[in-house]
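Student: Please pick one part of this model and go through it closely. I am new to the structure, so set it against the whole chain first and say what each term means as it comes up.

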Amino acid sequence: MKKLQFYNTLTRKKEQFEPIAPPYVTTYSCGPTVYNYAHIGNLRTYVFMDELRRTLKHAGYITKSVMNITDVGHLMSDGDDGEDKMQSAAKKQNKSPEEIAAFYSEVFFKDLARLNILTPEIIAKATDNIDEMIEFVQKLCELGYGYETDDGIYFDISKFDGYGKLSRCNIEDALAGARVAINTQKRHPADFALWKKAEKNHIMQWASPWGMGYPGWHIECSTMSKKFLGERFDIHTGGVDHIPIHHENEIAQSESLEGHQVVNLWMHGEFMLVDGGKMSKSLGNVYTIDDLIAKGYSPLAFRYFCMNTHYRNKLNFTFDGLSSAATAYNRLRSAISACKAAKSADSETAQKVENQKAAVIAAVYDDLNFPLALGELWTMAKLPACRQIYDAAEQLNDILGLDLHLAPEQPNAHDDQAIPDDVKKIAEERFAARQNKDWATSDALRTKLDELGYTVLDSKTGYELKKK
């Protein structure tokens, strides 16, 4: 197995990865609440999770990855009040929660496939693990961490000394500034629900020692990670929005039950912004993969767009940015696929290809630095065209998931909507000539494009063709 480095949210530093039981690596990823379509911000997080799993596999590890499907218990408010998101969607659409979950789960996995996101080895539905959740809550109560109120069972955060260690919040300050709790029976405003007692009209409820009810959102992940990965596992992933509440509460539950640290490494993907601000239905800027496809963009162009920003940095989505990424992606794919029929390189060029392939892998192994990896890949693609470039890209596909060795996709509809095919062909021939440093042919083809009424603008990542 190769050496990897990852940033640990818990310690706030990059660490050399040391799995518990090599060559096996156990990971748990927070999956979707399947009450609506996943938007591109959600999917950016799953691209990050896929980058991690692909990197682990490429480094020689055998992964046991679990991703949950939340189909009950995720309330509208993180303060354990409001309606269950599944129940709310079921009422609005006049369907059962099971029908809602089945429909949106199918769409979600279709989106993952479009983005070349590998499906984790284990998919765990919350509603398939209710008995285990009840048992988990019972044990927490027996250990003195859980207490009962009129509306449910709550976790007493004052009993867990490590509360706040992931988010680095000062729990005393947080409690002092907390609003008056709606539930006055809670011992502290920040105590959270392990199990909620159901009202009679609640359409999702199960028998429990505390009457009919349903699990709290946080207990679901603690229970399913324990069931499928054991009392210790290697990596837990999610979005940064999970750090202060969901993952903090997971740690409290799991470590209180086990009496020791459960997760070795916490990794989190940053937010996606849209036009520099938050994604919001009221602003009309919540986009799905289907929305991007309808506007002429391919799902893999969006994957390429995501991979140009490190997972720990905010990513600002704009359609101009996506258009640029789509153009660069197709130029890269065109350049590499064109090398399939090229001759083998001389020993010097072949060694340069190998060096660049190694540089791509080294970047990825260093905390998933895919932006740097793509830069190294471009350097390789600009070498004189040869079969070795194509072979290297094909080998790297396991870690990149971009299908760069295949023929290019249809270009983004916004790039060259009105450009005739014969003009595009000349532009591609000129691009290939520039790659081979055949400047005479390149200049001649530029002149030909000029005579046809088109200007070509070269860039580091390819070119842009515009009608004069």
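Tutor: The answer below starts with the whole chain, then takes the largest nonpolar core as its part, and ends with places elsewhere in the chain.

The model is predicted, and local features are reported only at pLDDT of at least 70, side-chain atom pairs only at pLDDT 80 or more, while totals for chains, interfaces and linings use all residues. Residues are numbered from 1 along each chain as its sequence is written, and side-chain values use heavy atoms, with hydrogens and water left out.

The chain has 468 residues, and 53% of them count as buried, meaning under 20% relative accessible area for a 1.4 Å probe, with protein chains only (exposed is over 50%, partly exposed in between). Its C-alpha atoms fill a box of roughly 80 × 45 × 40 Å along the principal axes. The secondary structure comes to 15 helices and 15 strands, which are DSSP runs numbered from the N terminus (H or I of at least four residues for helices, E of at least two for strands). Of the contacts between residues at least 6 apart in sequence, 76% join residues at least 24 apart; a contact is a pair of heavy atoms within 4.5 Å.

Now the core itself. In soluble globular proteins, nonpolar side chains tend to be buried together. The largest nonpolar core here has 74 residues, and those with the most contacts inside it are Phe 302 and Phe 317. Such a core is a set of buried Ala, Val, Leu, Ile, Met, Phe, Trp, Tyr and Cys residues joined through side-chain atoms within 4.5 Å. Helix H1 supplies the largest share of this core, eight residues. A second, separate core has 47 residues, including Ala 90, Ile 134, Trp 210 and Val 240.

What does Phe 302 touch, leaving out residues up to four places away in sequence? Its partners are Ile 40, Leu 43, Leu 115, Met 272, Ile 289, Leu 292, Phe 317 and Leu 322. Ile 40 and Leu 43 fall within H1, which runs over residues 40-58, and Leu 322 falls within helix H10, residues 319-337.

H1 has 19 residues and reaches 26 Å from its first C-alpha to its last, close to the 27 Å expected; the expected span is 1.5 Å times one less than the number of residues. Because 16 of the 19 residues of H1 are buried, the helix is largely enclosed by the rest of the structure. Just after H1, Gly 60 takes a positive phi of about 100 degrees. H10 also has 19 residues, with a reach of 26 Å against an expected 27 Å. H10 is mostly covered, with 15 of its 19 residues buried.

Trp 210, from the second core, sits in the loop between strand E8 (192-197) and strand E9 (213-215). Trp 210 counts as buried because its relative accessibility is 15%. Not counting residues up to four places away in sequence, Trp 210 touches Ile 134, Val 137, Gln 138, Glu 148, Ile 153, Trp 195 and Lys 197. From Trp 210 to Asp 398 the C-alpha distance is 49 Å, across 188 residues of sequence.

Tyr 390 belongs to helix H13 (residues 387-400). At 5% relative accessibility, Tyr 390 also counts as buried. With residues up to four places away in sequence left out, Tyr 390 touches Ile 336, Ser 337, Cys 339, Lys 340 and His 405; Ile 336 and Ser 337 fall within H10. The C-alpha atoms of Tyr 390 and Lys 186 are separated by 62 Å, at 204 residues apart along the chain.

Some backbone details remain. Pro 22 and Pro 23 are joined by a cis peptide bond, with omega about 10 degrees, and Pro 23 lies in the loop between strand E2 (13-16) and strand E3 (24-29). Asn 116 has a positive phi near 60 degrees although it is not glycine; its loop runs between helix H3 (97-114) and strand E5 (122-125). Arg 168, likewise a residue other than glycine, has a positive phi near 65 degrees, in the loop between strand E7 (152-155) and helix H5 (171-176).
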